Each structure stands twice: as structure tokens, then as C-alpha cells.
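Student: I should like to understand the terms applied to this structure. Could you explain the reasoning behind each one?

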Amino acid sequence: MWEEFKSFISRGNVIDLAVGIIVGAAFTGIVNSLVNDLIMPPIGYLMGGIDFSSYFVALNGEHYASLKAAQDAGAATINYGVFINVVIRFFIVAGAVFLLVKQVNRFRTKAASAPPRQEVLLEEIRDLLKAKAEG
């Protein structure tokens, strides 16, 4: 069982997946900061200083000064402003992943267009044998 586990872990795909998860977790912090600290403040400013994360509806019908006040009072809330922030984050992450995959695919097609050295050598050997047989 230990040998099977070592074989499984040492596969390239598993290690690539682990690296992807770690980089993705680090990338989440960057995206959160980008949305919360750089994108949402100007949008809020343009909308008159409104912070999307403070948009909510209390289901009990009462009015609360803030989302935190409603939550502290134990009111059930629909936090649609937080949802808007999450959707914006999603589109930023999706766009970044799209650009990353597009660049990786571009590099792969360039690398795939050049034949491996072994093939070049085999072609040279073939051509030399063909020339020798004809001559």
C-alpha cells in the first residue's frame, strides 16, 4: 500500500494539482484585496459613497443601521450587497484564469511546433541511409 501511495503522489498530475491549489489559495487573497481595496471604493464613490457590502434586507421587516447591527440583533438577512461583491470577484478570477490559460496554451503550441531532437536526428539518419542506398 505504501508503494502505491508513493507512486500516486509522485505522478506529475497530482503534484501539478497541489501546486495549483496552493497558488490558487494565495491568488484568492490578491483578488479579495483587489476587489475590496481597489475596485469597490471607486464604484462606491461614483455611486455616492455607497458600500455594496452594506446592502441587505432584514427578513423580519425591521430597519437596522448596518448589516452588522442586524446580525448582532439576530435578524435573518438577505445580503445581496455581499453577493454583488462575490460576483465581481468571480469575474475577476475568471478573467485572470482565462488570460493565464490563454498564455499557457500559446506557449504550448510554440513548443509543440518544434520537433524533438530525437526526431531530427532520426530524420538525418534516414536521409543519410537513403542517400547511401541511392548512391
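Tutor: The following exchange sets values against their definitions.
This is a predicted model, in which local features need pLDDT of at least 70 and side-chain atom pairs count only at pLDDT 80 or more, while totals for chains, interfaces and linings use all residues. Residues are numbered from 1 along each chain as its sequence is written, and side-chain values use heavy atoms, with hydrogens and water left out.

Student: What is the average pLDDT of the protein, and where is confidence lowest and highest?
Tutor: The term pLDDT denotes the predictor's confidence in each residue, from 0 to 100. The protein averages 83, and 95% of the residues score at least 70. Confidence is lowest in helix 1 (residues 2-9), with a mean of 78, and highest in strand 2 (residues 77-78), at 95. Helices (H or I, at least four residues) and strands (E, at least two) are DSSP runs, numbered from the N terminus.

Student: Why is the pair F90 and F91 called edge-to-face?
Tutor: Rings of Phe, Tyr and Trp (its six-membered ring) pair if their centres lie within 6.5 Å; planes under 30 degrees apart are stacked, over 60 edge-to-face and the rest tilted. Two aromatic pairs are counted by this rule. The ring centres of F90 and F91 are 5.4 Å apart and the planes stand at 65°, so the pair is edge-to-face.

Student: What makes F90 and F91 exposed?
Tutor: Buried means under 20% relative accessible area, exposed over 50%, and partly exposed in between (1.4 Å probe, protein chains only). The relative accessible area is 53% for F90 and 57% for F91, so F90 and F91 are both exposed.

Student: How do you know that K68 and D72 form a salt bridge?
Tutor: A salt bridge requires a side-chain nitrogen of Lys or Arg within 4 Å of a carboxyl oxygen of Asp or Glu. For K68 and D72 the N to O distance is 3.3 Å, so the pair satisfies the rule. K68 and D72 lie four residues apart in helix 3 (residues 67-72), and therefore are separated by about one helical turn. K68 is exposed, at 56% relative accessibility, and D72 is exposed as well.

Student: How many salt bridges are there by this rule, and what is known of R126 and D127?
Tutor: The count is two salt bridges. The side chains of R126 and D127 meet in a salt bridge at 3.2 Å, N to O. D127 has a relative accessibility of 41%, so D127 counts as partly exposed.

Student: Why does I88 count as partly exposed?
Tutor: I88, found in helix 4, has 22% relative accessibility, so I88 counts as partly exposed. The C-alpha atoms of I88 and I39 are separated by 9.2 Å, although these residues are 49 apart along the chain.

Student: Which helices supply the lining of the largest pocket, and how do its residues divide?
Tutor: Helix 2 (12-46) and helix 4 (80-113) each supply at least two residues of the lining of the largest pocket. The largest share, seven residues, comes from helix 4. The lining divides into 10 nonpolar residues, one polar and one charged. Ala, Val, Leu, Ile, Met, Phe, Trp, Tyr, Cys and Pro count as nonpolar, Asp, Glu, Lys and Arg as charged, and the others, Gly among them, as polar.
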